[in-house]
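Student: I would like to learn how to read a structure of this kind, feature by feature. Can we take one and go through it?

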Amino acid sequence: MNVFEFSALIGLGSLLAGFLGALTGLGGGVVVVPMLALLFHVDIRYAIGASLVSVIATSSGAAAAYVRDGYSNIRIGMFLETATTVGALAGVAIALYVSSNAIAIVFGVVLLYSAYLSSRHYVDDAHLPSSKLAARLRLNGSYPGPHGKLSYNVTGVPAGYGLMFTAGVLSGLLGIGSGAVKVLAMDQAMKIPFKVSTTTSNFMIGVTAAASAGLYLHRGYIAPGLAMPVMLGVLAGSLMGARVLVKARVKVLRYLFAAVIVVLGVEMIYKGISGRI
Amino acid sequence: MSAQNWNDQRIEIIIGALLRTGVMLAAAVVLCGAVVYFARHGSEVPNYTVFHGEPENLKSVGAIVHGALGMSGRAIIQLGLLLLIATPVARVLFSAIAFALERDYMYVVITLIVLGILLYSLIGSSG
């Protein structure tokens with residue numbers, strides 16, 4: 001296989017990953033690293049570098065579409081980014097010292113956890129009182145509902161902040177957006193409405209990934225020949241996925257993609273334990 | 001409060017459009033680099049199985065710009081990737097300006113902290 005064929009195959013795989021990731025809302029980045037490591041036998045460090053770049057592309061590329069609807073809350077996002085970016089720097093520092101096998105095992109566990117989260121149904125809590133800290137930080141907001149604006153209050157700020165730091169560490173360590181953990185932090189800990197937490201998470205993902213991407217670039221993890229087809233493929237795929245999102249019946253696809261993630265997760269853990277990554 | 005939210009959203013829409021333009025520009029640069037890279041190295045055998053780290057000329061901002069000006073395909077791709085990494089940084093910078101215009105100084109400080117971390121990662125950590 002020469003460089004051209006290799007790039008074309010990886011580009012196609014990334015296109016599919018980005019397409020399904022956008023369609024199912026699970027994000028394409030999460031399957032890029034296992035695809036590169038398991039299918040193409042790419043060293044996990046190069047895979048992480050390429051994946052991070054594609055995560056930034058999807059987040060920034062979709063930002064325009066997300067903010068137009070008025071769901072995302074920029075104050076919540078910016079405040080929590082102080083946790084995710086510091087977490088991302090810590091994640092890179094950890095990645096430089098632990099073995100590829102350990103990274104593969106952690107990756108596998110995160111994949112299984114993401115699949116589990118995607119199978120759950122989210123129910124927004126009824127109107128809650130705001131916590132003092134959330135009011136001080138001006139995190140409470142509103143979003144467009146079917147009958148005019150719906151306001152919401154935010155609570156559980158310290159717990160959400162801690163979870164966001166963890167999301168940042170995982171993002172820096174594994175080269176993923178950790179959207180699943182971010183949504184968990186906002187939805188479960190801080191009781192932010194689901195639509196607000198998913199869209200706010202999307203714009204946080206790019207900023208978090210940028211915090212670790214610079215460090216990885218200076219350490220030679222980002223190989224242009226590999227990152228190029230991954231970035232272009234995932235970007236094109238996610239833009240296509242966002243287009244058909246409205247029309248498609250995604251439920252079956254969601255289960256299918258979750259099943260793929262489970263298989264990849266088990267494989268990553270197995271390869272990591274047997275030391276063959 | 002609703003006037004503030006409305007302003008936030010208008011600013012967000014402008015920032016969103018800028019980000020999209022940035023991503024498309026980055027993708028175009030990466031594509032140009034890919035053409036040069038394929039023309040020169042398309043028939044070589046790729047090897048990413050063993051990690052050896054990228055060479056010095058693809059690791060720092062200055063060296064990447066220098067290589068791209070010299071029409072190295074990989075350096076042009078890397079320049080496109082740098083542009084891409086810069087889009088969230090630009091987003092945070094614009095947010096800081098937007099908060100300053102709203103006189104929300106608490107959020108100006110919060111945003112500048114995030115900006116400082118990003119700039120450290122992108123520029124300060126090399127060497």
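Tutor: What follows goes from chain folds to the interface, the core and one residue.

Tutor: Keep in mind that this is a predicted model.

Student: Let me start with secondary structure. How many helices and strands are there in chain A?

Tutor: Chain A has 11 helices and two strands. Their order from the N terminus is α-α-α-α-α-α-β-β-α-α-α-α-α. Chain B has four helices and zero strands, in the pattern α-α-α-α.

Student: How do the two strands of chain A run, and how many bridges join them?

Tutor: β1(A) and β2(A), the latter covering residues 148–152, run antiparallel and are joined by five bridges. They form a hairpin with two residues between them. For the register, take A:P144, which stands opposite A:K149 in β2(A).

Student: Next, overall dimensions. What does the radius of gyration say about chain A?

Tutor: The idea is to compare the value with the one for a compact globule with that number of residues. For the 277 residues of chain A the rule gives a value near 19 Å, and chain A has 18 Å, so the two agree. The C-alpha trace of chain A spans about 60 × 40 × 30 Å along its principal axes.

Student: And what radius of gyration does chain B have?

Tutor: Chain B has 19 Å, but a compact globule of 127 residues would have a value near 14 Å. Along the principal axes, the C-alpha atoms of chain B fill a box of roughly 60 × 30 × 30 Å.

Student: What share of each chain is buried?

Tutor: Buried residues make up 60% of chain A and 40% of chain B. Contact range can be read alongside burial. Taking contacts between residues at least 6 apart in sequence, 82% of those in chain A join residues at least 24 apart. The corresponding share in chain B is 59%.

Student: How many residues of each chain take part in the contact between chains A and B?

Tutor: 53 residues of chain A are in contact with 56 residues of chain B. On the chain A side, the elements that each supply at least two residues are α1 (3–24), α3 (44–68), α4 (74–95), β1 (141–145), α9 (194–218) and α10 (224–244). The largest share, 11 residues, comes from α3(A). By type, this side of chain A divides into 31 nonpolar, 16 polar and six charged residues.

Student: Which residues have the most contacts inside the largest nonpolar core?

Tutor: As background, nonpolar side chains in soluble globular proteins tend to be buried together. Here the largest nonpolar core has 128 residues, and those with the most contacts inside it are A:V33, A:V53, A:I56, A:A227, A:M231, B:V30 and B:L81. Helix α3 of chain B, residues 73–101, gives the largest share of this core, 14 residues. As an example, A:A227 touches A:G49, A:A50, A:V53, A:I222 and B:L81, with residues up to four places away in sequence not counted.

Student: One last residue, A:A236. Why does A:A236 count as partly exposed?

Tutor: A:A236 has 18 C-beta neighbours inside 10 Å, and a residue needs 20 or more to be buried, so A:A236 falls short of that cut-off. A:A236 is in helix α10 of chain A. Apart from neighbours within four places in sequence, A:A236 is in contact with A:L15 and A:G18. The C-alpha atoms of A:A236 and A:G61 are separated by 9.8 Å, with the two residues 175 apart along the chain.

Note on methods:
Residues numbered from 1 in each chain as written. Chains lettered and ligands numbered in written order. Predicted model: local features only at pLDDT ≥ 70, side-chain atom pairs only at ≥ 80, totals over all residues. Rg over C-alpha atoms; globule rule 2.2 N^0.38 Å. Buried ≥ 20, exposed ≤ 12 C-beta atoms within 10 Å, placed from the backbone. Contact = placed C-beta atoms within 7 Å. Nonpolar A, V, L, I, M, F, W, Y, C, P; charged D, E, K, R; others polar. Pairing = 2+ DSSP bridges. Core = buried A, V, L, I, M, F, W, Y, C linked by C-beta atoms within 7 Å.
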